[in-house]
2 protein chains.
Amino acid sequence: MTERTVRRQARGLKRMAEILDAAEAVIAELGYPDMTTNQVAARAGVSPGTLYQFFRNKEEILDGLVARYTVDRAEYWSARLAAVTPGIPLEALVGQLVDESVRFKSESPAYWSLLYGTATGDRFAAASQRLHDDVALRIADMLRRRSPGLPEERARLMGTMALAMVKAVMPMVTSSPPQRSAELVAELKHLLVRYLG
Amino acid sequence: MTERTVRRQARGLKRMAEILDAAEAVIAELGYPDMTTNQVAARAGVSPGTLYQFFRNKEEILDGLVARYTVDRAEYWSARLAAVTPGIPLEALVGQLVDESVRFKSESPAYWSLLYGTATGDRFAAASQRLHDDVALRIADMLRRRSPGLPEERARLMGTMALAMVKAVMPMVTSSPPQRSAELVAELKHLLVRYLG
DNA sequence: GACAAATGCGAGCTTTAACTTGTATTTCTG
DNA sequence: CAGAAATACAAGTTAAAGCTCGCATTTGTC
């Protein structure tokens, strides 16, 4: 009833990370809706009971993953942002960021799988919405660094749109043969340059 | 074993349409994964057994919906395509088509819910892939009508990209307050004009 | 070293949703 | 009209998946 907070030991925190790793792998393969908690437990090398020691239900696993991603991505984009020299040509900037997105997608397919969720339950939608807003804001920051005159409102809108473009093309990129894939990436860069320029 | 084909009577065809209507409504509310066949049957005013008289399993309902949509959309776009005068300014063309997409989306949310499926099982992905390709081809046709010099390959790529852009912005449009929604639509048109021009 | 709390197990409970089955009724065809 | 095929019903079966429970083991603290 009174919802005590549990004092986690080092072992417990490690287990939680292992369970999240397992969930990430399963989501990458099957997507969140088809992920089963027993699968995750088995993959993490623990029993179902142990899983529920750390996560009260399936949705809390999702929350944990999203939280971890958010932190990781914040660090990643901060580093990227700092490395951007203000005078870099737009072509080069877009080229780099798109390439990195493609690379990241192939490394962390679960992240994208979450980013697409729209019609899969409220909690799920809310989680991916948070991720989306976070990334869009970081893109807006970057744009304003490059063009200090850009109004904040406009930068946000452009960030949102740019992210939407990348999101839209990404699944086609990863599910196509290499040549078509390269075509799509090139076209996406071209599109973004025209839009942002 | 030998998979007989059933001779449908008029009543049966009508029932099938009613069941698909019900499925469409449920998908619009909950999405395909959370749709239950019992729900669909209840909404259609038939028993579960009757539903399974016409659809062997849940996926076949999806197939039926997609088939119906494909036919409907083919007719719709054919009519649109014929109405396009070759000399129309790009702004007007894009403006019209985006507006119509927005209107259609608010009328048939299930269609879009299907169009987004990526990580929800093979059959589902294949179905939305078919829808996607079909629409992209029709956009490519339209572009080549306007610009006869455009190579077919290039037109297809542009059609695919343009559809992806619309797809990407649409969920934000319908889940935002009217003012923001209008902003997003305007920005989408601007983006498409810059890209296609 | 002792006690409490955290961790761990895995069999099994419970619910839910896809689907079946047996039977009754309506419609088409000769 | 008669038989066959299609349509209709709803109670019931089944399997899967989320989650619980009782108990054993490990870890941290005094």
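Visitor: Which residues of chain A does the UniProt annotation "DNA-binding region" cover?

Guide: In this predicted model, that annotation, from an unreviewed UniProt entry, covers residues 36-55 of chain A. The span is 75% helix and 0% strand, and its end C-alpha atoms lie 13 Å apart.

Visitor: Where does UniProt place the feature "domain: HTH tetR-type"?

Guide: The unreviewed entry puts that feature at residues 13-73 of chain A. Over residues 13-73 the chain is 80% helix and 0% strand, with 20 Å between the end C-alpha atoms.

Visitor: What makes up the secondary structure of chain A?

Guide: Chain A has nine helices and zero strands. From the N terminus on, its elements read α-α-α-α-α-α-α-α-α. The C-alpha atoms of chain A fill a box of roughly 55 × 40 × 30 Å along the principal axes.

Visitor: Let us turn to the DNA. How many residues surround DNA strand C, and which are the closest?

Guide: There are 25 residues around DNA strand C, and the closest are Arg8(A), Gln53(A), Arg7(B), Thr37(B) and Lys58(B). The surface near this strand holds five nonpolar, twelve polar and eight charged residues.

Visitor: Which helices supply at least two residues each of the surface near DNA strand C?

Guide: Chain A provides helix H1 (10-30) and helix H3 (48-54), while chain B provides helix H2 (37-44) and helix H3 (48-54). H3(A) gives the most, with four residues.

Visitor: What part of DNA strand C lies within 4 Å of the protein: sugar or phosphate, or bases?

Guide: Of the strand C atoms within 4 Å of the protein, 76% belong to sugar or phosphate, and the rest belong to bases.

Visitor: What makes the pairing of Thr37(B) with a phosphate oxygen of DNA strand C a polar contact?

Guide: The cut-off for a pair of N or O atoms is 3.5 Å. A polar backbone atom of Thr37(B) is 2.7 Å from a phosphate oxygen of DNA strand C, so the pair counts as a polar contact. Polar backbone atoms of two other chain B residues also pair with phosphate oxygens of this strand: that of Lys58(B) at 2.9 Å, and that of Met35(B) at 3.1 Å.

Visitor: And which residues are the closest to DNA strand D?

Guide: They are Thr37(A), Lys58(A), Arg8(B), Thr50(B) and Gln53(B), among 25 residues that surround the strand. By class, the surface near DNA strand D has six nonpolar, eleven polar and eight charged residues. H3(B) gives the most to that surface, with four residues.

Visitor: Which side chains have an N or O atom 3.4 Å or 3.5 Å from a base nitrogen of DNA strand D?

Guide: The side chain of Asn38(A) has such an atom 3.4 Å from a base nitrogen, and that of Gln53(B) has one at 3.5 Å. For Thr50(B), the partner of the side-chain N or O atom is a phosphate oxygen, 3.1 Å away.

Visitor: How many residues does each chain bring to the contact between chain A and chain B?

Guide: Chain A brings 28 residues and chain B brings 28 residues. The area buried between the chains is about 2,400 Å², of which carbon and sulfur atoms give 67%.

Visitor: Why is the pair Glu187(B) and Arg154(A) called a salt bridge?

Guide: The rule asks for a side-chain nitrogen of Lys or Arg within 4 Å of a carboxyl oxygen of Asp or Glu. Here the N to O distance is 3.0 Å, so the pair qualifies. The rule finds two salt bridges across this interface, along with seven residue pairs in polar contact. On the side of chain A that touches chain B, helix H6 (109-116), helix H8 (152-174) and helix H9 (178-196) each supply at least two residues. H8(A) gives the most, with eleven residues. That side of chain A divides into 16 nonpolar, seven polar and five charged residues.

Visitor: Why are Arg103(A) and Glu107(A) separated by about one helical turn?

Guide: Because they are four residues apart in helix H5 (residues 90-107) of chain A. Their side chains meet in a salt bridge at 3.6 Å, N to O. Over all chains, the search finds 26 salt bridges.

Technical notes
Residues numbered from 1 in each chain as written. Chains lettered and ligands numbered in written order. Predicted model: local features only at pLDDT ≥ 70, side-chain atom pairs only at ≥ 80, totals over all residues. Heavy atoms only, no water. UniProt positions renumbered as here; feature names shortened; annotations may be inferred. Near = heavy atom within 4 Å. Polar contact = N/O pair within 3.5 Å; in protein donor to acceptor, adjacent residues only side chain to side chain. Nonpolar A, V, L, I, M, F, W, Y, C, P; charged D, E, K, R; others polar. Contact = heavy atoms within 4.5 Å. Buried area = accessible area lost by both parts, 1.4 Å probe.
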